[in-house]
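Thank you all for making time this morning. I would like to walk you through one structure, slowly enough that nobody needs to have seen it before.

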Amino acid sequence: MSTQYDNIVTPFNAFRKQPGAVLENHNVHRILSPLVKGAKILDLACGSGHYTHQFISWGASSVVGVDISSRMISDAQSTPSANLTFLVGDCSQPTTFPGGPFDIVFGAWLLNYSPTCTAMTDMFRNIALNLKPEGRFFGVTQSPTEDPRRHLELIHASKPLFYDYVSVEWTGDVADGISARVTAKAPAKFEFDNFHLKRSVYEKAAREGGMKGKVGWEYPVLPDDTSEILGGYEDAEEQWKKFQQVPHFAIISVEKTA
């Protein structure tokens with residue numbers, strides 16, 4: 001994994017307030033908040049600690065956040081909290097992190113930095129290595145599909161919800177999917193490169209990486225109060241329907257033990 005985030009800490013943090021990021025945050029809270037009370041959590045690719053800090057506020061007993069970007073970790077450490085530790089580390093390679101084994105390993109936009117099934121398998125080996133036998137992994141990543149390039153073409157054709165805040169451009173084909181450049185347009189422009197691999201690759205990599213339990217996918221749903229997400233759109237209902245047809249992200253869950 002690269003350190004391409006070192007130079008975008010400030011705009012990246014500001015982007016967390018945009019409608020699409022608010023939707024993501026709502027769905028992470030919806031799925032994980034009932035599970036984190038009293039749990040030990042490892043947050044891989046934690047960035048500046050957006051979710052790491054929230055896990056503590058949701059009742060986790062301890063959280064360890066790891067990111068390859070020293071700048072992101074420095075920013076995360078600027079808001080100290082009890083039972084919270086941040087480390088600079090490579091989340092793509094099997095490493096036993098202090099504080100484990102963990103009840104939950106979380107990774108928001110972690111797996112999308114895998115260029116191949118082999119690389120993603122190493123990420124899952126890292127996840128399995130740090131989980132308790134009954135532990136679970138949750139990750140925010142691109143929507144599952146067997147045709148990532150077609151999925152991106154459909155996004156370009158329909159220009160769904162949040163397209164005015166972030167865009168994704170195909171940059172090449174790889175053996176198991178595509179490479180792409182993501183451009184965040186507001187409030188300040190920044191770019192990063194990543195990969196969208198096939199759904200079957202995610203599931204194969206999980207198995208080969210030591211995660212033998214149930215694999216599940218959940219698509220985003222709206223909160224009861226949609227003002228922060230849809231308030232800026234006159235045709236909000238139609239925009240949401242378009243987004244549901246080609247959602248930008250989903251949340252994968254994998255149990256360690258069958």
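I will begin with the chain as a whole, go on to its two sheets, and finish with a few side chains.

Please keep in mind throughout that what you are looking at is a predicted model, and that the values I quote are computed from it. The protein chain contains nine helices and 10 strands. Its radius of gyration is 17 Å, close to the 18 Å that the globule rule gives for 258 residues, so the chain is as compact as a globular protein of that length. If you draw a box along the principal axes, the C-alpha atoms fill roughly 45 × 40 × 35 Å. Of the 258 residues, 53% are buried. If we take the contacts between residues at least 6 apart in sequence, 69% of these join residues that are at least 24 apart.

Let me turn to the sheet of seven strands, which is open, has mixed pairing, and follows the order 3-2-1-4-5-10-9. At its edges are strand 3, residues 84-88, and strand 9, residues 215-218, each of which pairs on one side only. From one strand to the next, the twist averages 15°. At the strand 9 end, four bridges join strand 9 to strand 10, residues 250-255, and these two strands run antiparallel. If you would like a place to look for that pairing, find G216, which stands opposite S253 in strand 10.

Two helices can be placed against this part of the structure. Helix 7, residues 199-208, packs on the sheet and touches strand 5, strand 9 and strand 10, with a direction that makes about 140° with that of strand 9. Helix 2, residues 19-32, lies across strand 4, strand 5, strand 9 and strand 10, and runs at about 160° to strand 5, which spans 131-141.

How are the three strands of the other sheet ordered? This sheet is also open, its order is 6-7-8, and the pairing is antiparallel. Strand 6, covering 166-174, and strand 8, covering 190-197, are the edge strands, each pairing on one side only. The twist here averages 25° from one strand to the next.

Strand 6 and strand 7 run antiparallel and are joined by eight bridges, and the hairpin that leads from strand 6 into strand 7 passes through two residues. V174 stands opposite G177 in strand 7. Strand 7, residues 177-184, also pairs with strand 8 in the antiparallel sense, again over eight bridges, and in that pairing R181 has D193 of strand 8 as its bridge partner.

Now for the side chains, starting with the aromatic rings. A search of the whole structure finds 10 aromatic pairs. In one of them, the rings of Y51 and F55 have their centres 6.5 Å apart and their planes at 25°, and because planes under 30 degrees apart count as stacked, this pair is stacked. The two residues are four apart in helix 3, residues 50-57, which means that about one helical turn separates Y51 from F55. Is Y51 buried or exposed? Y51 is buried, with a relative accessible area of 4%, and F55, at 0% relative accessibility, counts as buried as well.

F55 also forms an aromatic pair with F106, this one edge-to-face, with 5.2 Å from centre to centre and 85° between the planes. That pair links distant parts of the chain, since F55 is in helix 3 and F106 is in strand 4, residues 102-108, with their positions 51 residues apart in sequence. Both F55 and F106 are buried. Taken together, ring pairs link Y51, F55, W58 and F106 into a cluster.

A contact of another kind involves R149, whose charged end sits over the ring of W170, 4.1 Å from its centre.

I will end with N130, which is found in helix 5, residues 117-130. N130 is buried, with a relative accessible area of 2%. Leaving aside residues up to four places away in sequence, N130 touches L42, T95, T96, F97, P101 and F102. N83, for its part, is 47 residues from N130 in sequence and 18 Å away in space, C-alpha to C-alpha.

Thank you for listening, and I am happy to go back to any part of this.

How values were computed
Residues numbered from 1 in each chain as written. Predicted model: local features only at pLDDT ≥ 70, side-chain atom pairs only at ≥ 80, totals over all residues. Heavy atoms only, no water. Phe/Tyr/Trp six-rings, centres within 6.5 Å; stacked < 30°, edge-to-face > 60°. Buried < 20%, exposed > 50% of the residue type's maximum accessible area, 1.4 Å probe, protein only. Lys NZ or Arg CZ within 6 Å of the ring centre and 35° of its normal. Pairing = 2+ DSSP bridges. Axes fitted to C-alpha atoms, helices over the stretch in contact; angles between N-to-C directions. Contact = heavy atoms within 4.5 Å. Rg over C-alpha atoms; globule rule 2.2 N^0.38 Å.
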